[in-house]
Amino acid sequence: MIKLIRFVVVYELRLWAALYRWVFRRPVPIEPGAQRFTYHRAVNLILGVLLVVSAIEVPILHLIVPWEPVRLAALAIGVYGLVWMVGLLATMHVHQHLVGPSGLRIRNSLTLDLPLRWDQIAAIDVRRRSMPPGGQTQLEDGVLSLGMASQTSVDIRLTEPLTVPVRKTRGESVSQIRFHADEPEALVAAARPPPPQPRSPVTPPPPARPYVPAATLAQPARPSLPALSLAQSAGSAFRPFPLRSLPGSAFQPFLLRSLPRSAFRPFPLRSLPGAAFRAFPVGSLSGPALPPRRLSPVRPWSARRC
């Protein structure tokens, strides 16, 4: 009897604490690197219907009952029941499944908290199942089913039979655990270790060159600055024309004796045709011909007057 009273008191205190955390958005601290996964969506409809029915029942009952003490007691119990159901929903939001570096933690409100280390888990898979009638916690042939709204979605196979702190097991060992999660694919992906990345082949470094002191290297003679020109700095396309590549005859003086004698003869007029010296035919011009001009006879010199 004392244990039952202690369990009820602790349960109520934890429920009100969860409601406080949920209303003021203060989640329970978890280990670094852990992820939360919800499981309350399967019962949201049931709890919503119960809250609506209770909210309607409280004022109706308060108006029907004629006795004042009974009405006040019914009102207090009805309001407390509404707040308690909201607190029950808050416990599912606050205490969620956890997947972290240390292992997997399966939860169900305040009634279940089952931690499993990674070395105890052999395989984890997504498989949706419907549970037969018999409650939300069932044990059959070493398979423990922790359902939510009579369904499970994740299967865990243990490395060896394990005794879990669940009342309905009554100390029996289990080899497989089934439970429900709203997003089983994400939970399984977070629980499975990432596949190892293939290592790229390591290329050996190139062989090191032997060290040669700078003093032993032959330094070419650098020309002075006045000797450099723009053509030399621009490239081989603008280098000056090498005169040494010309033959020696290019520099010999020009000899007149090398010319033929015919180059110094006068122009032979007799070689021209006779038609070249004929008068220009004026009549060949277009237009009317001009009348011939009459010239005065030339008088002798003696007949001219001074």
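1. In this predicted model, R105 has P115 of strand 4 as its bridge partner. That pair belongs to the contact between strand 3, residues 103–108, and strand 4, which run antiparallel and are joined by six bridges.

2. The wider setting of this pairing is an open sheet of four strands, arranged in the order 1-2-3-4 with antiparallel pairing. At its edges lie strand 1 (35–37) and strand 4 (112–117), each of which pairs on one side only, and from one strand to the next the twist averages 15 degrees.

3. R105 and P115 also appear at the second largest pocket, where they are among the residues nearest the centre, together with E31, S102 and G103, out of 16 lining residues. This pocket has a volume of about 180 Å³, and its lining receives at least two residues each from strand 2 (97–99), strand 3 and strand 4. Strand 3 gives the most, with four residues, and by class the lining has nine nonpolar, three polar and four charged residues.

4. The largest pocket has a volume of about 720 Å³, and of the 26 residues lining it, N108, L110, T111, L112 and D113 are the closest to its centre. Helix 1, helix 3, strand 3 and strand 4 are the elements that give two or more residues to this lining, with helix 1 giving the most, namely four. The classes in the lining of the largest pocket are 13 nonpolar, seven polar and six charged residues.

5. The two helices named in the previous point also meet each other: the axes of helix 1 (residues 2–23) and helix 3 (residues 68–94) come within 8 Å and cross at roughly 75 degrees. Since angles of 65 to 115 degrees count as roughly perpendicular, helix 1 and helix 3 are therefore described as roughly perpendicular to each other. The contact includes Y11, L15, W16 and W22 in helix 1, and among the residues they face as a group in helix 3 are Y80, W84, L88 and H93. The residues of this contact divide into 14 nonpolar, three polar and two charged.

6. Finally, the structure holds one cavity of 30 Å³ or more, and about 70 Å³ of space lies in the largest cavity. Its lining is made up of Y39, H97, I106, R107, N108, L112, L146, G147, M148, F179 and H180, with strand 3 giving the most, at three residues. By class, the lining of the largest cavity has six nonpolar, four polar and one charged residues. N108 and L112, which are part of this lining, are also among the residues closest to the centre of the largest pocket.

Note on methods:
Residues are numbered from 1 along each chain as its sequence is written. This is a predicted model: local features need pLDDT of at least 70, side-chain atom pairs count only at pLDDT 80 or more; totals for chains, interfaces and linings use all residues. Side-chain values use heavy atoms; hydrogens and water are left out. Two strands pair if DSSP finds at least two bridges between them. Axes are lines fitted to C-alpha atoms, for helices over the stretch in contact, and angles run from 0 to 180 degrees between N-to-C directions. Angles under 35 degrees count as roughly parallel, over 145 as roughly antiparallel, 65 to 115 as roughly perpendicular and the rest as oblique. Contact means heavy atoms within 4.5 Å. Ala, Val, Leu, Ile, Met, Phe, Trp, Tyr, Cys and Pro count as nonpolar, Asp, Glu, Lys and Arg as charged, and the others, Gly among them, as polar. On a 1 Å grid over the protein atoms alone, a cavity is a set of points where a 1.4 Å probe fits but cannot get out, and a pocket is an open set with protein on both sides within 12 Å along at least five of seven lines; lining residues have an atom within 4 Å of a point. Grid points are joined across faces, edges and corners, and a volume is the space filled by probe spheres set on the points.
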